[in-house]
Amino acid sequence: MPENGWPADRIDTENAHSARIYDYILGGKDYYPSDKEAGDAMSREWPALPIHMKANRDWMNRAVAWLAKEAGIRQFLDIGTGIPTSPNLHEIAQSVAPESRVVYVDNDPIVLTLSQGLLASTPEGKTAYIEADFQHPEAVLDSPEFRETLDLDKPVALTVIAIVHFVLDEDDAVGIVRRLLEPLPSGSYLAMSIGTAEFAPEDVGRVAREYAARNMPMRLRTIDEADEFFEGLELVEPGIVQVHKWHPDATSGEGIRDEDIAMYGAVARKP
């Protein structure tokens, strides 16, 4: 359980939160009893849930490493950062290029309280944290942290990891992502993981109902719907695939069944 002295009046400890459920299932410590109860209930409905969540985290690590090593990206805008879990995005990028600069964005007070773990940059690089809602991109783009940390004359990788399945149709997730991409220059990249129920519809459907029962409705997408996020961009091979199949390393796909993964992953370049 969290022992940090964050302001209790800003944190809803009675109701489960998606970032804290994720932290609990991945073996973290920054959660409350409501998050544990939710995570346990969801794992009973779909025992593969921890495998799925770990595969998503591993995909993020591989995608960021690819962007830093292969694409030469030195600037990152990470939307929906979540509770810090080492290695954090900046640690991966700066292990390749110490001068890398990262802006983290989240709207959870716990993430803000724990954000010191996200700000431990190398001397050559820089990290910043913006408390803002993904669904209000102007709050991100107009912030001094965004403008002062990232040089928009150079490519930026926009990472949107495991968040758009919490954005319903009426809130236009595709439009939000496009607005965040708009000011980024040619040569920038979009890296996303996108929730789907196409490989285990009954199991994932039960998990979605558990989330909805806790006021976290989900919008799970088909491959064609996932493709809408990348319209006008140049997909990196192998395109949009389940996260464990995107540039797998020696262990990422080992023993994982397709029906255990409910997340598409892809990386694409802005022309």
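**Overall fold dimensions and an internal cavity**

The accessible surface of the protein, computed from a predicted model, amounts to about 11,700 Å², and carbon and sulfur atoms account for 48% of this area. Of the 271 residues in the protein, 53% are buried. Along the principal axes, the C-alpha trace extends over about 50 × 45 × 40 Å.

The secondary structure consists of 10 helices and eight strands. The radius of gyration is 17 Å, close to the 18 Å that the globule rule gives for 271 residues, so the protein is as compact as a globular protein of that length. With regard to contacts in the protein that have a separation of 6 or more, 74% are formed between residues lying 24 or more positions apart.

A search for enclosed space in the predicted model identified one cavity of 30 Å³ or more, and the volume of the largest cavity is about 40 Å³. The lining of the largest cavity is formed by A19, Y22, D23, R57, G82, I83 and T85. Helix α1, which covers residues 18-25, makes the greatest contribution to this lining, supplying three residues. In terms of chemical character, the lining of the largest cavity comprises three nonpolar, two polar and two charged residues; because Gly is counted among the polar residues and Tyr among the nonpolar ones, G82 belongs to the polar group and Y22 to the nonpolar group of this lining. The charged residues of the lining are D23 and R57.

How values were computed
Residues are numbered from 1 along each chain as its sequence is written. This is a predicted model: local features need pLDDT of at least 70, side-chain atom pairs count only at pLDDT 80 or more; totals for chains, interfaces and linings use all residues. Side-chain values use heavy atoms; hydrogens and water are left out. On a 1 Å grid over the protein atoms alone, a cavity is a set of points where a 1.4 Å probe fits but cannot get out, and a pocket is an open set with protein on both sides within 12 Å along at least five of seven lines; lining residues have an atom within 4 Å of a point. Grid points are joined across faces, edges and corners, and a volume is the space filled by probe spheres set on the points. Helices (H or I, at least four residues) and strands (E, at least two) are DSSP runs, numbered from the N terminus. The radius of gyration is taken over C-alpha atoms; the globule rule is 2.2 Å times the number of residues to the power 0.38. Buried means under 20% relative accessible area, exposed over 50%, partly exposed in between (1.4 Å probe, protein chains only). Contact means heavy atoms within 4.5 Å. Accessible areas come from the Shrake-Rupley method with a 1.4 Å probe; for residues, only the protein chains shown count as cover.
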